[in-house]
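Before reading on, please look over the model below. The questions that follow ask how each description is justified.

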Amino acid sequence: MTATLIDGTALSKTLRADVGDRARAMSGAGRQPGLAVILVGDDPASAVYVRNKVKACAEHGLHSVLENYPASLTQTELLARVAALNTDACIHGLLVQMPLPPHIDAQAVIAAIDPRKDVDGFSVHSAGQLMTGLPGLRPATPYGCMKLIESTGMAIKGKHAVVIGRSNTVGKPMALLLLQANATVTVCHSATPDLGQHTRQADIVVAAVGRRNTLTADMVKPGAVVIDVGMNRNDQGKLCGDVDFDGVREVAGWITPVPGGVGPMTITMLLVNTLQAALHAAS
Ligand code: NAP
């Protein structure tokens, strides 16, 4: 079997077009959705991430503000900016790019963001909403993974899903979203003795580890949906995921490529969350 490719770039395009239409309609009514991004320091990777987020807003009818501060910014000063943006009526989504300099308590900063504007979905409040099944803003990457799984047309209800990785930003929220969709969920991590024993039983595997070739063909049930969140470099320096793509695609039913799978969906779901926050503020 050769797996069907789940095209994250194409799905992103469709979702972004919808966000654009709805954002422009809101702007026409004088309620343009707005995202504020705070970047502290000069980490080059973070600079690229925030630039891409702001660019995506501009391309899809969202207002955006990028505040870039030197690494010497104090926690008090940062909290003051968060407080100001919390009360800014033009801003519906607010995110502080991680990582922050070591003298700043990242948890305190995330906790200071108005939960209604927490478009990253990283706060304890947002995590609690997800945990308890309340509506709220979901972390962009796992939210995007759900859209990719749904795009296969396979019913998630009743399926066995295995999530590899248990980070607060990807693995845990991914497991909760799958659980909410009525999958039976197993979460594996670095202390799981025999990973393959679990993944071989899975109808859906989400790999969010950060180590290439974590999932190989012999670890996959024929026909399974395989979502690869990982972002690694191979020996040639090319971007690759956690999944041995060439091997696994011969066994799986559906598979996301890297690049072109989960990656494009992350910023897309940030736009979706900002639109949702703006719609909520307007209701
Ligand atoms: P993380 O915080 O480092 O978490 C990695 C998880 O993998 C941990 O829970 C760890 O287990 C587990 N793990 C490590 N080695 C393992 C092994 N041999 N077997 C099973 N589990 C193992 O990373 P993350 O932030 O969740 O990100 C994971 C990957 O996704 C990274 O490559 C990251 O770059 C990528 N990512 C991509 C996007 C995107 O937009 N495409 C977004 C976010 C992240 P323990 O908890 O036991 O340590």
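A residue is counted as near a molecule if one of its heavy atoms lies within 4 Å of it. The model shown here is a predicted one, and 20 residues stand around its ligand, of which Arg-166, Ser-167, Ser-190, Met-231 and Thr-266 come nearest.

Q: What makes the approach of Arg-166 to the ligand a polar contact?
A: A polar side-chain atom of Arg-166 lies 2.8 Å from an oxygen atom of the ligand; a polar contact needs a pair of N or O atoms within 3.5 Å, so this pair qualifies.

Q: Which atoms place Met-231 and Thr-266 in polar contact with the ligand?
A: For Met-231 a backbone N or O atom lies 3.0 Å from a ligand oxygen atom, whereas for Thr-266 a polar side-chain atom lies 2.8 Å from an oxygen atom of the ligand. Both distances are within 3.5 Å, and therefore both pairs count as polar contacts. Taken alone, the ligand exposes 930 Å², and the protein buries 68% of that.

Q: Which helix gives the largest share of the shell around the ligand?
A: Helix H10, residues 262-282, contributes 3 residues, which is the largest share. By class, the shell has 7 nonpolar, 11 polar and 2 charged residues.

Q: Why is the space lined by Leu-95, Val-96, Met-98, Ile-110, Ile-113, Asp-118, Asp-120 and Phe-122 called a cavity?
A: A cavity is a set of points where a 1.4 Å probe fits but cannot get out. The search of the whole structure finds 1 cavity of 30 Å³ or more, and the largest cavity, with a volume of about 50 Å³, is the one these residues line.

Q: What makes two residues of this lining charged?
A: Asp counts as charged, and the lining includes Asp-118 and Asp-120, so the class count is 6 nonpolar, no polar and 2 charged residues.

Technical notes
Residues are numbered from 1 along each chain as its sequence is written. This is a predicted model: local features need pLDDT of at least 70, side-chain atom pairs count only at pLDDT 80 or more; totals for chains, interfaces and linings use all residues. Side-chain values use heavy atoms; hydrogens and water are left out. A polar contact is a pair of N or O atoms within 3.5 Å; within protein, one must be able to donate a hydrogen and the other to accept it, and residues adjacent in sequence count only if both atoms are side-chain atoms. Accessible areas come from the Shrake-Rupley method with a 1.4 Å probe; for residues, only the protein chains shown count as cover. Helices (H or I, at least four residues) and strands (E, at least two) are DSSP runs, numbered from the N terminus. On a 1 Å grid over the protein atoms alone, a cavity is a set of points where a 1.4 Å probe fits but cannot get out, and a pocket is an open set with protein on both sides within 12 Å along at least five of seven lines; lining residues have an atom within 4 Å of a point. Grid points are joined across faces, edges and corners, and a volume is the space filled by probe spheres set on the points.
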